[in-house]
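This report covers enclosed space and charged side chains in one protein chain. The sequence and the model come first.

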Amino acid sequence: MDNRTGQRIVAETARRTDNRYGNRPTMKDVAARAGVGLKTVSRVVNGEPGVTPDTERRVQEAIDALGFRRNDSARVLRKGRTASIGLVLEDLSDPFYGPLSRAVEEVARAHGALLINGSSAEDPDREQELVLALCARRVDGLVVIPAGDDHRYLEPEIKAGVATVFVDRPAGQIDADVVLSDNFGGARDGVAHLIAHGHRRIGFIGDMPRIHTAAERLRGYRTAMDAAGIPVEEAWTSLGITDPQRVRQAAEAMLSGPSPVTAIFTGNNRVTVTVVRVLAEHSRPVALVGFDDIELADLLQPGVTVIAQDSAQLGRTAAERLFHRLDGTLALPERVELPTRLITRGSGELPPAS
């Protein structure tokens, strides 16, 4: 028992091989164990002809016993490719990025490539550090959800042949492929839906204004309000970090006072979750439409109406574009915008409280 952690530690006898930790078996070790030459081991490892079945069996048994793994460094030097790509996300814990990451991985696997991913934690410096670390490991390409707004640091890498596709947000100050959702159109449609159900005092709570998606969704909100001839009061909009305390304060401020909002449009899934909790504590019904779907949204009472974007399709489209660029089938960088869809479940269809 470890007295510091409370963990129960049980000693086990590890299965020993001919090598200790830190000394990886080589083809020379395999050859010695199998009683063959290095060339024979190389042929078996690389699937080349010219080896008898009995010899191949002995070499494979030696490989299995020693735990030998082929060193691909020489093959990488010959081919100029590492068969690996990097994925830089904003936050690995955000449910939005799970399907996106899985889709990128599936496309990479279909192309025989390994995916290496990491999180920028919405920090531009960390994003740059992670991207350049992946480039130093000679990944063939990158799929990046950018945290910063200046990506000129990537220009030498792109010129050197590192294919790069940005997803969810465009690159800053460079021309590069980008795959986006229709953030503006989705937000406009969500707010127009609330207006169509009789709301005129509609609040907007979003992410930090420097983030492309937050700015586009705010623009969609304002466009829908303007199209309906509804002046937006300053107190109706709040952008900032998605910390629950900040979002809660913003929502409670909008719901109080002499002219409280009768509906709220939330700018992303994390904001929506906090606002759902606030509205559950509120005495009168308030309509809600959120950008991004959330887990269990259909099981709440009422269910949460959302503008859904297909994060898996974002990842799949970005990854496929990346491999097309690696194959040399794409010319100039392009902007691909995927549609969103309104899912009505009840919260966005509530009428204004009398």
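How many cavities of 30 Å³ or more does the count come to? The model, which is predicted, has 1 cavity of that size.

## The cavity

The space in the largest cavity is about 130 Å³. Its lining is made up of 17 residues, and those closest to the centre are Y97, R217, N268, R270 and D292. Two helices, α9 (212–227) and α11 (269–280), are the elements that give two or more residues to this lining. The largest share belongs to α9, with 3 residues.

What is the make-up of the lining by residue class, nonpolar, polar and charged? There are 8 charged residues, 5 polar ones and 4 nonpolar ones.

## R217 and D292

R217 is placed in helix α9, and this residue is among those closest to the centre of the largest cavity. Its side chain is buried but forms no salt bridge. The nearest side chain of opposite charge is that of D292, 4.2 Å away. A salt bridge requires a nitrogen and a carboxyl oxygen within 4 Å, so a separation of 4.2 Å between R217 and D292 does not count as one. The side chain of R217 does make a polar contact with the side chain of N183, at 2.7 Å.

D292 sits in the loop between β9 and β10 (305–308). Its relative accessibility is 5%, so D292 counts as buried. Computed along the sequence, D292 and L342 are 50 residues apart, while their C-alpha atoms are 9.9 Å apart in space.

## D94 and R270

Over the whole structure, a search finds 19 salt bridges. One of them joins D94 to R270, with 3.4 Å between the closest N and O atoms. D94 belongs to the loop between β1 (84–89) and α5 (97–110), and R270 belongs to helix α11, so this salt bridge ties together parts of the chain that are 176 residues apart in sequence.

Are the two partners buried or partly exposed? D94 has a relative accessible area of 5% and is buried, whereas R270 is partly exposed at 24%. Both residues also belong to a network of salt bridges that links E90, D94, E122, D168, R169 and R270. R270 is, in addition, one of the residues closest to the centre of the largest cavity.

## Two further salt bridges

R321 and D177 form a salt bridge through their side chains, with an N to O distance of 2.9 Å. R321 is in helix α12 (residues 311–326) and D177 is in strand β5 (residues 177–181), so the pair ties together parts that are 144 residues apart in sequence. Both R321 and D177 are buried.

Another salt bridge is made by the side chains of R248 and E281, also with 2.9 Å from N to O. R248 lies in helix α10 (residues 244–254), and E281 lies in the loop between α11 and β9 (287–291); this pair links distant parts of the chain, 33 residues apart. How accessible are the two side chains, and which class does each fall in? R248 counts as partly exposed, at 25% relative accessibility. E281 is exposed, with a relative accessible area of 56%.

Notes. Residues numbered from 1 in each chain as written. Predicted model: local features only at pLDDT ≥ 70, side-chain atom pairs only at ≥ 80, totals over all residues. Heavy atoms only, no water. 1 Å grid on protein atoms, 1.4 Å probe; cavity = no way out; pocket = protein on both sides within 12 Å on 5 of 7 lines; lining within 4 Å. Points joined across faces, edges and corners; volume = space filled by probe spheres on them. Helix = DSSP H or I, 4+ residues; strand = E, 2+ residues; numbered from the N terminus. Nonpolar A, V, L, I, M, F, W, Y, C, P; charged D, E, K, R; others polar. Buried < 20%, exposed > 50% of the residue type's maximum accessible area, 1.4 Å probe, protein only. Lys, Arg positive; Asp, Glu negative; His and termini not counted. Polar contact = N/O pair within 3.5 Å; in protein donor to acceptor, adjacent residues only side chain to side chain.
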